Amino acid sequence: MSNKPTTDPDQLQDQFNEVWGNPRGWKALTIVNHSTIGLRFLVTGGIFFLFGGLLAMLIRTQLAIPGYELMSPDIYNQVFTMHGTVMMFLFAVPMMEGLAIYLIPKMIGARDLVFPRLSALGYFCYLFGGLILISSIFFEIAPKAGWFMYTPLSSAGHMPGVNNDFWLLGITFIEISAVSAGVELVVSILRTRTRGMALDKMPLYAWYILVMAMMIVVGFPPLILGSILLELERAAGMPFFDTALGGDPIFWQHLFWLFGHPEVYIIFLPGAGIVSTLLPVFCQRAIVGYRWIVLGVLTIGFLSFGLWVHHMFTVGIPQLALAFFSGASMLVAIPTGVQIFAWLATLWLGRPIFHVPMLWLVGFLVVFVGGGLTGVMVALVPFDWQVHDTHFVVAHMHYVLVGGMVFPLMAGLYYWLPHFSGRMPSVTLGRWGFWLVFIGFNTTFLIMHWTGLMGMPRRVYTYDEGLGWHLPNLISSIGSFIMAVGVATILLDILLHFRFGKPATKNPWNADTLEWATSLPPSAYNFVSLPDITHRHPLWHDPDLPDSIARGEHALTTIDHGRRETWGSDPLTGKVREVIHLPSNSWLPFIAALFLAAVCLSLLAQFYWVALGATVLSVIVLLRWSWENGVHPSAAPDARTHPDEPPLHSRTNDGPGLWGMGVTLIADGSMYLSLLFGWFYMWTVSPQWSVPEGLDLSGQTLLISAVLVSFGALVLRWVTGQLRHGNERGLLFKLALIALIGAVQTGTLIWLLVDSNLAPTESAYGAMTFFMLMYAAVHCGLATITTALQSWRVHFGYVGVRSPYEVSVVLQLWFFNVAVLWISYAAWILFPGTWGGAS
């Protein structure tokens, strides 16, 4: 099915620009279009990279010769901590997410991501959080406990002041951005692919990003939880990590590396996706082993969550655990090897064209394989015991992260430059930049393996003469300056490129994927008509596709209704199920991010009442955001659809919001399971973990609360079923009644918090119980508010038989709360021996 244009192509594109166009001036802050948001991520991440690189140069300058003190030990620790923090949290993940935000809709034949305002909120949270974090170093109050923030070193007793609070609050703020982008990308890839793009026809890059995004959704919440718990310990005295009061400092390491080891693959997988995308283009043949690569990517995503203790071999864990995690660490090399052999086979069978992007791909293969080999070495427990906390580990980490991420990223940057500028990259400066970086990088970090094997520990601000470390440190420092010159050359090349680059032709690389079917640079809506896809390499299969798309010869060309639209497709087959209408430009994401930034700054300044007020304002803005949704006039000004088109998603039972809530609750569930893990972990290992005297946590009250939330969820499920069958009689009253049940149930949890004498500052047991109850109360309160909001929307006609799916979205939250309450009840009341006789 296709819609033939009723107007000429130029007029049709003018009409699309009126609906999709981006404003200028201050109103540019309202833009939610994925291309603009993706570019903002990339530019901001690039600036943070340069800042982190400058910090690295200060470190290498200080270590170049023994006894040299360019910085005091305190400032050095701040610079060291900020270098790792900036590179890991402000550069690596945001850059890869930003590139995915820019590319994914274009690759899958969509006009935008499915939650554009969420992307904009994520960017502003990233920007404000990053600025708050790096501002600390200019006032000499930057975090200084290392980018891993190990307890008890990072606790208030060892490091008072606000230094580490900048890290804990800033990183938590930034992680909102990462998780929101993860949810956005998962739902967009699964639900907005163009007609006919089944999973087996999806570009490999989209597969990599899908797995990466799901790993973010599952892997980042443990760190968010750890940061919140440590900040509560520092600010409020809750002893989660204090051994004397029943806590355990190793619990922080578990939470950190539950995030940290998957993050290695979160960074690597998008880079590998770039490699798998570019190699076929520059070899001019399909990649070898498409299905094997997909299987390898899925396997890596699964295995990466079983490797976190790989970083904790020296903390004294049991021998059986050492053997298990050592074996798992080596097992992950198998799916990685499958990809490498597929790339080599593609090179062997193709006719490689060694343009600048191809140089970076070959550099990636050399560097990353080297990092992978040292990874197998540190997976062996006896070897890891010898090199742990030495420069060998620093060198290995840079080979894996820089080799696995920066080299493919540079290849992709040169490859997609025509997208950003409409011009082709240069050859001469591009080659100079590559060779300077390649030589400088290997000179810096290859030698650092030697330094580590000679016993030089990491995290030292200087060293004495006569240890044999002088020459390798000097060579490493010289290499770092060579690499810096290479980065400067690349930066100069890109800046000159926008002015002097040769104009790009249509599909200049003879690529196979849909992002090259757009104009260069692309319009805000990507495609004036959405094509049907029947082949894995659509532009090789139909070279005329960019022209026929631009002429409006495919689907979804109606625009006189004023809506921004894209297809909603089946997750497996790519068959079209609905028309998804997308929100337009809005101030709400920017305002919400401003209030969240105010919360962060107020907590840093210990203005807790101001923080509470900013939190309330944030909630109000977010509720207003949710109000302008579904069939609200600002979301769907005109409900008409073309006779041959499916209904609008807001008129179905399975809109993207349902999927968004589901994926968000997966992230939420990851946080809760991490919290539950901490409960049982400390119950098992902490010698001081015990029920405090005077604690009176009523199992009967908790049981009543669990029964109430279960009853409310079942009633809401019945109401949802009635709505789907066309019965909306008494809907407003029913939803209001369910909200009342939720209010009573939330009240029981609040009463339990007040009445149980938990004393959360006196024991880790009380602190963990208090936090878990607060977690449940906040979620139940949120379910109550959203249900009441649904009742109010019924009054305005925004929820009913013709727009039923919003109630199903809220229903998921209710059932999540049911699971949380019953699992908590089992852990606190039914688990044998937990209460020690307490009722």
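These legends describe close-up views of a predicted model.

**View 1. Helix H3, from residue 73 to residue 107, has a kink****.**
H3 is 35 residues long. Its first and last C-alpha atoms are 49 Å apart, close to the expected 51 Å. The kink is about 35° and is centred on valine 86. Of the 35 residues, 31 are buried, so H3 is largely enclosed by the rest of the structure. Just after H3 comes glycine 109, with a positive phi of about 75°.

**View 2. Helix H6, residues 204-236, bends at glycine 219****.**
H6 contains 33 residues. At 1.5 Å a residue, they should span 48 Å. The end C-alpha atoms are 47 Å apart, which agrees. The bend at glycine 219 is about 30°. Within four residues of glycine 219 there follows a proline, proline 221. In H6, 27 of the 33 residues are buried, so this helix too is largely enclosed by the rest of the structure. Glycine 237, just after H6, takes a positive phi of about 80°.

**View 3. Phenylalanine 282 and tyrosine 415 form an aromatic pair****.**
The model has 65 aromatic pairs. In this one, the ring centres are 5.9 Å apart and the planes meet at 65°. Planes over 60 degrees apart count as edge-to-face, so this pair is edge-to-face. Phenylalanine 282 belongs to helix H7 (residues 250-283), and tyrosine 415 belongs to helix H13 (residues 391-421). The pair therefore ties together parts that are 133 residues apart in sequence. Both residues are buried.

**View 4. Phenylalanine 383 and phenylalanine 392 also pair edge-to-face****.**
Their ring centres lie 5.3 Å apart, with the planes at 75°. Phenylalanine 383 is partly exposed, at a relative accessible area of 23%. Phenylalanine 392 is buried, at 3%.

**View 5. Two arginines lie over aromatic rings****.**
Arginine 536 sits over the face of tyrosine 290, at 3.7 Å from the ring centre. Arginine 793 sits over the face of tryptophan 627, at 5.2 Å from the ring centre.

**View 6. Residues 26-534 carry a UniProt domain feature****.**
The unreviewed UniProt entry names this feature "domain: Cytochrome oxidase subunit I profile". Over these residues the chain is 68% helix and 0% strand. The end C-alpha atoms of the stretch are 43 Å apart.

Key:
Residues numbered from 1 in each chain as written. Predicted model: local features only at pLDDT ≥ 70, side-chain atom pairs only at ≥ 80, totals over all residues. Heavy atoms only, no water. Helix = DSSP H or I, 4+ residues; strand = E, 2+ residues; numbered from the N terminus. Expected span 1.5 Å × (residues − 1). Bend = angle between axes of the 7 residues up to and from the residue. Buried < 20%, exposed > 50% of the residue type's maximum accessible area, 1.4 Å probe, protein only. UniProt positions renumbered as here; feature names shortened; annotations may be inferred. Phe/Tyr/Trp six-rings, centres within 6.5 Å; stacked < 30°, edge-to-face > 60°. Lys NZ or Arg CZ within 6 Å of the ring centre and 35° of its normal.
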